[in-house]
Amino acid sequence: MSEQGTAIVTGGSRGLGLKIVEHFAERGFRVVTCSRKPTSALDELRARFDIEWHSVDAASPTSRAEMANIITAAQPHLLINNIGSIAQGLFISEPQESLETVVATNYIAPMVFIQAAARSMVGNGIAGQIVNVSSINTIRGYRGVASYASAKAGIDGLVRPLARELGPFGIRINSVVPGYFDSDLTAVVTDDHRTQIRNRTPLGRLGTTDDVVGAINYLTSEPGTFITGQTLVIDGGITC
Ligand SMILES: NC(=O)c1ccc[n+]([C@@H]2O[C@H](COP(=O)([O-])OP(=O)(O)OC[C@H]3O[C@@H](n4cnc5c(N)ncnc54)[C@H](OP(=O)(O)O)[C@@H]3O)[C@@H](O)[C@H]2O)c1
């Protein structure tokens, strides 16, 4: 086992998740990650570091339960709940099946993974940490992402009571709340819209995956050891 222990990073095949996997691998953690499909970028990282990948569909109850068992077996020190998916469109037109998939992927799955990780940490006496990747859609209203926003807000709602329940075991739980950054998830955003976001951002630029990884690093290393139950916004000030 690695000296640092094991970090579970969900959705580590690309985008922000891939950067988080790389970050914890470089910090010396053994990393266990999952996604529906592998990617060559993740394969390249796996050739350099101790990284285990599993095929998991967070929207499927069976697959979620398998991932929960993987988390239990891994005895993690860290869980980063990064999986996220959006169904773009106005709420009144969104089919019920889509509502259920968005809630299962962005809310039920992270909740199940937190429960598995927290049980393992408590059972094994590990003062571990949990970080959820939320979104500024939880604190400002934006059109076309209502189901996603409410599912992400659900996970943020879990952070405060769990900070109280898990704190006595030395376990910390927080959410990072990013604004826009470029990824496959946001590939539908037009250049005009990106310019609009940049112009509305007090710090005058778009966010990057490095900005979010920096916040996760802060929360999960020495300077963050007295922080729990918080939602840390990383958005250049756009929600001020
Ligand atoms: N991009 C932004 O502007 C932004 C802003 C705020 C918050 N966020 C949040 O940041 C996180 C990372 O987003 P990103 O932009 O990096 O997204 P991304 O590039 O689309 O990556 C999403 C990751 O999650 C996995 N995933 C998606 N649905 C899944 C499912 N049903 N089961 C298992 N894995 C699944 C994907 O792999 P597979 O598709 O192979 O499963 C991929 O590894 C998400 O939680 C997102 O909501 C993003």
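The structure holds 1 cavity of 30 Å³ or more. Keep in mind as you explore that this is a predicted model.

**The cavity**

The largest cavity has a volume of about 50 Å³. Its lining is made up of Asn 81, Ile 83, Asn 106, Pro 110, Asn 132, Val 133, Ser 134, Lys 152 and Ile 155. If you prefer to think in secondary structure, three elements each give at least two residues to this lining: α4 (96-123), β5 (129-133) and α5 (146-166). Sorted by class, the lining of the largest cavity contains 4 nonpolar, 4 polar and 1 charged residues.

**The pocket**

Let us turn to the open space. The largest pocket offers about 1,300 Å³, and 47 residues line it. Nearest its centre lie Ile 86, Tyr 148, Ser 183, Leu 185 and Thr 186. Helices α1, α4, α5 and α6 (191-200) each provide at least two residues of the pocket lining. By class, that lining has 19 nonpolar, 20 polar and 8 charged residues.

**The ligand**

Where does the ligand sit? You will find the ligand in the largest pocket. Around the ligand there are 30 residues, and the closest are Ser 13, Arg 14, Tyr 148, Lys 152 and Ser 183. Tyr 148 and Ser 183 are also among the residues nearest the centre of the pocket, while Lys 152 also appears in the lining of the largest cavity. At least two residues of the ligand shell come from α1 (15-26), and at least two come from α5. The shell comprises 11 nonpolar, 13 polar and 6 charged residues.

Here are three side-chain contacts to the ligand, each between a polar side-chain atom and a ligand atom:

| Residue | Ligand atom | Distance |
|---|---|---|
| Arg 14 | oxygen | 2.6 Å |
| Asp 57 | nitrogen | 3.0 Å |
| Ser 183 | oxygen | 2.4 Å |

For Asp 57 and a nitrogen atom of the ligand, the separation is 3.0 Å, whereas Ser 183 places a side-chain N or O atom 2.4 Å from an oxygen atom of the ligand. How much of the ligand surface does the protein bury? Taken alone, the ligand exposes 880 Å², and the protein buries 96% of that.

Methods:
Residues numbered from 1 in each chain as written. Predicted model: local features only at pLDDT ≥ 70, side-chain atom pairs only at ≥ 80, totals over all residues. Heavy atoms only, no water. 1 Å grid on protein atoms, 1.4 Å probe; cavity = no way out; pocket = protein on both sides within 12 Å on 5 of 7 lines; lining within 4 Å. Points joined across faces, edges and corners; volume = space filled by probe spheres on them. Helix = DSSP H or I, 4+ residues; strand = E, 2+ residues; numbered from the N terminus. Nonpolar A, V, L, I, M, F, W, Y, C, P; charged D, E, K, R; others polar. Near = heavy atom within 4 Å. Polar contact = N/O pair within 3.5 Å; in protein donor to acceptor, adjacent residues only side chain to side chain. Areas by Shrake-Rupley, 256 points an atom, 1.4 Å probe, with all protein chains shown as cover. Sits in = over half its atoms within 2 Å of the grid points.
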